[in-house]
Amino acid sequence: MDTSMTSSFEAELEEICSTTIAKEAADVDRDGAFPARSVEALKSARLLGALSSAESGGLGLGLAGAMRIVRRLAEECGSTAMVATMHYSAVAVLEAHAPVDIRREAASGARLATLAFSEAGTRSHFWAPVGTAQAKGDAVVLNAHKSWVTSASEASVYIWSSKPLGAEGLSTLWLVPRSTPGIQVKGPFTGMGLRGNESSPVLGENVTVSRDAMLGGDGQGFDIVMSSVLPVFQILNAACSVGLMTGGLRRAIAHVGQTRHSDTGASLADLPTIRNYIARMQVKTDMAAALLGDTLAAFEANRPDTMLRVLESKAAAGETANEVLDLAMRVCGGAAFRKELGIERLFRDARAAGVMAPTTDVLYDFIGKAVCGRPLF
């Protein structure tokens, strides 16, 4: 990655995060509103093209650049970080299998993209859709009940999974514009955390697309998901969790440093118990960040332990984020229960990682299979 490009994008990212995103985050959470201004700011700065290649008009920052962006976004707004995570995860498929005009539109942010994998029938087993694809002349008709689609009513295009059209295999992927007749977003999203990520069910009834909308070969969806989507999604989801921890730690340190007992004049940070909790938060955050960094290194070097690290990163970061934000709530006491500090918002946002497919429990099963020499599927 070019050093000047790196410093340039990080400076612009910091400006956006410290102004637009930080200012919008509380309202996004309170209203359960899609972070439209924040996403527009990322688009204007070309940061939605971080994972897109230079050929596609993107920044060509690779997964390392996308990871830095998501982590920093999550410090201020988990919802914005998750919207970016799903866009980048979809771009991983588009870069490998979509025509250049679609890739360019995704890189510029003209088309916000997302994944439409999880279904009501298979729940967290997103790799085995029950939704169907049936040939109808030169067209294909898709039917499915997607249970969770981030940016459901805001994304321009979905990466849609179905059973194969006719080939062997678990799934086939399709490029489906949200505006296609038969697409119905069953929103709005009213979740406990990530309240602005617009993660709603999407019903597809007799959605007609051309055969050219197929991404990769028929029946190759599972292989594409495992090789392209899963590593990107896992690493960026873990980056989101690390960002939430970092944001909580930063706010907790600021609070205990400036809050004083009027009778003694001592700050909360002068208390050994408080410093102990802060230290635990720091250690846990650094541990999760270190594992995330090693996972990225494994992915970039194609190390033999890459899949193990990919599986571990999301599970470890998600669970550790819960622990760190629990400690932040304890350290800041009653003040943390109010909206002003922003800690309770991060506390709620952190809970989402555990239920996002593959869920933490599924990941632990995969990790156990991997270390015991059992096949994952």
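**Close-up views of the predicted chain**

**View 1. Leu311 and its contacts in helix α8.** With a relative accessibility of 2%, Leu311 counts as buried, because the limit for a buried residue is under 20%. The model shown here and in the views below is predicted. Leu311 belongs to helix α8, which covers residues 306–332. Leaving out residues up to four places away in sequence, the residues touched by Leu311 are Gln234, Leu363, Phe366, Ile367 and Leu376. One of these contacts, Phe366, is 55 residues from Leu311 in sequence, while the two C-alpha atoms are 7.4 Å apart in space. Phe366 itself sits in helix α11 (residues 360–371) and is buried as well, at a relative accessible area of 7%.

**View 2. The chain as a whole.** The chain contains 11 helices and 8 strands. Its C-alpha trace spans about 80 × 45 × 40 Å along the principal axes. A compact globule of 377 residues would have a radius of gyration near 21 Å, and the chain has 21 Å, so the two agree. Of the 377 residues, 55% are buried. Among contacts with a separation of 6 or more, 71% join residues 24 or more positions apart. The exposed area of the chain is about 15500 Å², and carbon and sulfur atoms supply 53% of that area. The chain carries 36 positive and 40 negative charges, whose mean positions are 4 Å apart.

**View 3. The aromatic pair of Trp127 and Phe366.** A search of the whole structure returns 7 aromatic pairs. In the pair of Trp127 and Phe366, the ring centres are 5.6 Å apart and the planes meet at 50°, so the pair is tilted; the tilted class applies because the angle is neither under 30 degrees nor over 60. Trp127 lies in the loop between β1 (113–116) and β2 (132–136), and Phe366 lies in helix α11, so the pair ties together parts that are 239 residues apart in sequence. Trp127 is buried, with a relative accessible area of 11%, and Phe366 is buried at 7%.

**View 4. The aromatic pair of Trp127 and Phe377, and the cluster around Trp127.** Trp127 also forms an aromatic pair with Phe377, which is edge-to-face, with 5.0 Å centre to centre and 70° between the planes. This pair links distant parts of the chain, 250 residues apart: Trp127 is in the loop between β1 and β2, and Phe377 is in the segment after α11. Phe377 is partly exposed, at 45% relative accessibility, whereas Trp127 is buried. One aromatic cluster takes in Phe126, Trp127, Phe222, Phe366 and Phe377.

**View 5. The loop between β3 and β4, with Thr150 and Ser151.** Thr150 lies in the loop that runs from β3 (139–149) to β4 (157–162). Thr150 is buried, at 7% relative accessibility. Not counting residues up to four places away in sequence, Thr150 is in contact with Met82, Val83, Met86, Thr114, Asn197, Glu198 and Ser199. Ser151 is also placed in the loop between β3 and β4. The phi angle of Ser151 is near 60°, a positive value in a residue other than glycine. The relative accessibility of Ser151 is 1%, so Ser151 counts as buried.

**View 6. The loop between β6 and β7, with Pro188 and Glu198.** Pro188 lies in the loop between β6 (183–185) and β7 (200–210). The peptide bond that leads from Gly187 to Pro188 is cis, with omega near 0°. Glu198 is found in the loop between β6 and β7 and has a positive phi of about 55° although it is not a glycine. At 11% relative accessibility, Glu198 is buried. Glu198 is one of the residues that Thr150 of View 5 touches.

**View 7. A cis peptide bond between α10 and α11.** Pro358 is placed in the loop between α10 (343–350) and α11. The bond from Ala357 to Pro358 is cis, and its omega is near -5°.

**View 8. Arg46 in the loop between α2 and α3.** Arg46 lies in the loop between α2 (36–44) and α3 (62–76). Its relative accessible area is 44%, so Arg46 is partly exposed. Apart from neighbours within four places in sequence, Arg46 is in contact with Gly57, Gly58 and Leu59. Arg46 and Ser108 are 62 residues apart in sequence, and their C-alpha atoms are 6.1 Å apart in space.

Note on methods:
Residues are numbered from 1 along each chain as its sequence is written. This is a predicted model: local features need pLDDT of at least 70, side-chain atom pairs count only at pLDDT 80 or more; totals for chains, interfaces and linings use all residues. Side-chain values use heavy atoms; hydrogens and water are left out. Helices (H or I, at least four residues) and strands (E, at least two) are DSSP runs, numbered from the N terminus. The radius of gyration is taken over C-alpha atoms; the globule rule is 2.2 Å times the number of residues to the power 0.38. Buried means under 20% relative accessible area, exposed over 50%, partly exposed in between (1.4 Å probe, protein chains only). Contact means heavy atoms within 4.5 Å. Accessible areas come from the Shrake-Rupley method with a 1.4 Å probe; for residues, only the protein chains shown count as cover. Lys and Arg count as positive and Asp and Glu as negative; His and the chain ends are not counted. The place of a charge is taken as NZ of Lys, CZ of Arg, CG of Asp or CD of Glu. Rings of Phe, Tyr and Trp (its six-membered ring) pair if their centres lie within 6.5 Å; planes under 30 degrees apart count as stacked, over 60 as edge-to-face and the rest as tilted.
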